[in-house]
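Please look through the sequence and the structure shown here before reading on. The report then goes through a few parts of the fold, one after another.

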Amino acid sequence: MVRYRLKYRGTEFPLTGPEVTLGRSPQHASIVLSGERVSREHAMIRIEVGGLVLRDLHSRNGTFLNGTRVEDSVPLEPGDVIQVGDEKLELVRREKGALEQTHSGVEEDATTLAQRSALELVEELVARAAEAGQRMAAATAIRAMIDALVENATRTGKSLRLSDRVRVESVSRIVSGWFSDGSLKSWADGIEKAIQVSSDPKKSSDPKRPGSEFPPAGATPGDS
């Protein structure tokens, strides 16, 4: 089964609905982009019978496809780079169920594949929560999954690959950004520190639970 995703700052967001809006507004955008030159509702990707179509939503600073400004609607192909304001996203194509391999062509072990699958599920939940406008309701479950992923990597000594660490950090920052009061900033900072610990064998023996300096996922943001 073929699935399309938008790769943004190391994180891949699945295109799960007939329309995906890119913009700065958490209330209206399916994928929220934080750039100052991004409009509240900047651009839209539609999934049609003939393929994917990119449309500019009369944004102030324009939408660009592979460096060319989009005047109305243009078809999309895997590998295309979409520029929204100063933010860039790449359209990627994934074959669901395809065997994961490293860049050298060597098959990944079961632990790495499990980590990758968990991370993909987290990314999909983030994208779906944003699309459905249910960010606050989904935040607790997403945080718990990220905590478990990082803690497992530290406990087993099987650190996340660099590309996956970047994706985890990116997702944690996105979830933290859902709370305008900054209540999850310390949690996101803790995730970043815990990832650094899991990637350093000398630090991974620390008996302190990774990320224990930030509030547990079940806590309400802002609780002391």
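## A residue in a helix and its surroundings

Isoleucine 195 lies in helix α4, which covers residues 185-198; helices (H or I, at least four residues) and strands (E, at least two) are DSSP runs, numbered from the N terminus. This is a predicted model, in which local features need pLDDT of at least 70 and side-chain atom pairs count only at pLDDT 80 or more, while totals for chains, interfaces and linings use all residues. Residues are numbered from 1 along each chain as its sequence is written, and side-chain values use heavy atoms, with hydrogens and water left out.

Is isoleucine 195 buried or exposed? Isoleucine 195 is buried, with a relative accessible area of 1%, where buried means under 20% relative accessible area, exposed means over 50%, and partly exposed lies in between (1.4 Å probe, protein chains only). Leaving aside neighbours within four places in sequence, isoleucine 195 is in contact (heavy atoms within 4.5 Å) with Val150, Arg165, Val168 and Glu169. The C-alpha atoms of isoleucine 195 and serine 159 are separated by 8.0 Å, although these residues are 36 apart along the chain.

## Two helices side by side

Two packed helices are described by the angle between their axes and the distance between the axes. The axes of helix α2 (residues 135-156) and helix α3 (residues 162-177) come within 11 Å and cross at roughly 155 degrees; axes are lines fitted to C-alpha atoms, for helices over the stretch in contact, and angles run from 0 to 180 degrees between N-to-C directions. That crossing makes α2 roughly antiparallel to α3, since angles over 145 degrees count as roughly antiparallel, under 35 as roughly parallel, 65 to 115 as roughly perpendicular and the rest as oblique. On the side of α2 the contact is made by Ala139, Ile142, Arg143, Ile146, Leu149 and Val150, and on the side of α3 by Val168, Val171, Ser172 and Val175. By class, this contact of α2 with α3 has 8 nonpolar, 1 polar and 1 charged residues, where Ala, Val, Leu, Ile, Met, Phe, Trp, Tyr, Cys and Pro count as nonpolar, Asp, Glu, Lys and Arg as charged, and the others, Gly among them, as polar.

## Strands and sheet

The protein has 4 helices and 11 strands. Of the strands, 5 form an open sheet in the order β4-β3-β5-β6-β9, with mixed pairing; two strands pair if DSSP finds at least two bridges between them. β4 (31-32) and β9 (73-76) stand at the edges, each with a single partner strand, so one side of each is left without a neighbour in the sheet.

The table lists two antiparallel pairs of strands.

| Strand pair | Bridges | One bridge pair |
|---|---|---|
| β3 (residues 19-23) and β5 (residues 43-48) | 4 bridges | leucine 22 and alanine 43 |
| β7 (residues 63-65) and β10 | 3 bridges | phenylalanine 64 and glutamine 83 |

Along strand β10 (residues 81-84) the side chains alternate, so to speak, between two faces: Ile82 and Val84 point to one face and are buried, while Val81 and Gln83 point to the other and are not.

## Two loop residues

Histidine 58 is placed in the loop between β6 (51-56) and β7, and has a positive phi of about 55 degrees although it is not a glycine. Histidine 58 counts as exposed, at 77% relative accessibility. Asparagine 66, in the loop between β7 and β8 (68-69), has a phi near 55 degrees, again a positive value in a residue other than glycine, and is partly exposed, with a relative accessible area of 46%.
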